[in-house]
Structure formats: structure tokens, C-alpha cells
Amino acid sequence: KADTGFAALYLDYTNTATVGAVTINKPSGTVNLAAFGSTMTVTNSLVTAKSHIMVTLASDPGVALAVWTVGSAGSFTITTRPATVNQTAIDFLVIGAD
């Protein structure tokens with residue numbers, strides 16, 4: 001679009017089949033939280049303590065829940081409340097901040 005300066009934005013993306021803690025050094029991806037899990041850590045070299053990390057459910061957790069993340073230098077932790085019932089895919093997007 002002319003008003004934004006670009007028509008499309010494509011980010012490098014990883015969809016991992018690994019369940020639990022993973023390393024994904026890309027700005028976006030999908031991770032898998034184990035059934036009955038409530039936290040997992042994603043190691044990501046693009047993340048700083050000032051990064052904004054957006055997360056959203058990408059599959060049915062089996063129960064209504066809240067999902068959020070907290071970043072630190074080199075990683076972020078995804079947390080849900082309550083714990084999931086099913087193995088649950090979670091999408092993330094890292095936005096750098098100065």
C-alpha cells in the first residue's frame with residue numbers, strides 16, 4: 001500500500017515439531033506446549049529485554065486460557081493459565097525495540 005511504504009511483509013518463520021523448550025533464531029515461528037503444560041522457554045538470539053513478543057494460540061488448548069510471554073536477553077518464556085489440556089501450538093512474533 002502506498003500509505004505504508006510496502007505492500008507485503010514476509011518474515012523468516014520456523015514451525016517446529018518439537019514439544020517443549022526449543023531454539024528458534026528467527027523473528028517468528030510456531031512452538032508446541034506439551035499437554036498439561038503451562039510454561040516453556042524459547043531461546044532466540046533476536047530477543048532482548050526490550051523486545052515486544054506477541055503470542056497467539058494456533059491450535060485448541062482444550063480449555064479457555066490466557067497466554068502471554070516475558071522476554072529477556074536471548075530468550076522468552078511463554079506462560080498459560082490454566083495449564084493446557086491438549087498439546088498446543090503457539091505462534092510468536094518478535095518485534096525489536098531500541
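Let's start with the sheet: four strands line up in the order β2-β4-β7-β6, the sheet is open, and the pairing is mixed. Its edges are β2 (22-23) and β6 (66-72), each of which pairs on one side only. Keep in mind that this is a predicted model. Taken as a whole, the chain has 8 strands and 0 helices, so there is no helix to look for when you scroll through it.

**Walking across the sheet**

- At one edge, β2 runs parallel to β4 (residues 39-43), and 2 bridges join them.
- If you want a residue pair to find on screen there, Val22 has Val42 in β4 as its bridge partner.
- Moving on, β4 meets β7 in the antiparallel sense, over 5 bridges.
- A handy marker for that pairing is Thr41, which stands opposite Thr77 in β7.
- Next comes β7 with β6, again an antiparallel pairing, this one over 7 bridges.
- Here you can look for Trp68, which stands opposite Thr79 in β7.
- As a rule for reading any of this, side chains in a regular strand alternate between the two faces of the sheet.

**The β6-β7 hairpin and strand β7**

- β6 and β7 form a hairpin, with 2 residues between them.
- Gly74 sits in that turn and has a positive phi of about 90°.
- Strand β7 covers residues 75-81, and 5 of its 7 residues are buried, so the rest of the structure largely encloses it.
- For that count, buried means under 20% relative accessible area.

**The chain as a whole**

- Reading along the sequence, you get β-β-β-β-β-β-β-β.
- The radius of gyration is 14 Å, close to the 13 Å that the globule rule gives for 98 residues, so the chain is as compact as a globular protein of that length.
- Along the principal axes, the C-alpha atoms fill a box of roughly 45 × 30 × 20 Å.
- Of the contacts between residues at least 6 apart in sequence, 56% link residues at least 24 apart.

**Surface and charge**

- Buried residues make up 34% of the 98 in the chain.
- About 5500 Å² of the chain is exposed, and carbon and sulfur atoms supply 57% of that area.
- There are 4 positive and 5 negative charges, and their mean positions lie 6 Å apart.

Definitions and conventions:
Residues numbered from 1 in each chain as written. Predicted model: local features only at pLDDT ≥ 70, side-chain atom pairs only at ≥ 80, totals over all residues. Heavy atoms only, no water. Pairing = 2+ DSSP bridges. Rg over C-alpha atoms; globule rule 2.2 N^0.38 Å. Buried < 20%, exposed > 50% of the residue type's maximum accessible area, 1.4 Å probe, protein only. Contact = heavy atoms within 4.5 Å. Areas by Shrake-Rupley, 256 points an atom, 1.4 Å probe, with all protein chains shown as cover. Lys, Arg positive; Asp, Glu negative; His and termini not counted. Charge placed at Lys NZ, Arg CZ, Asp CG, Glu CD.
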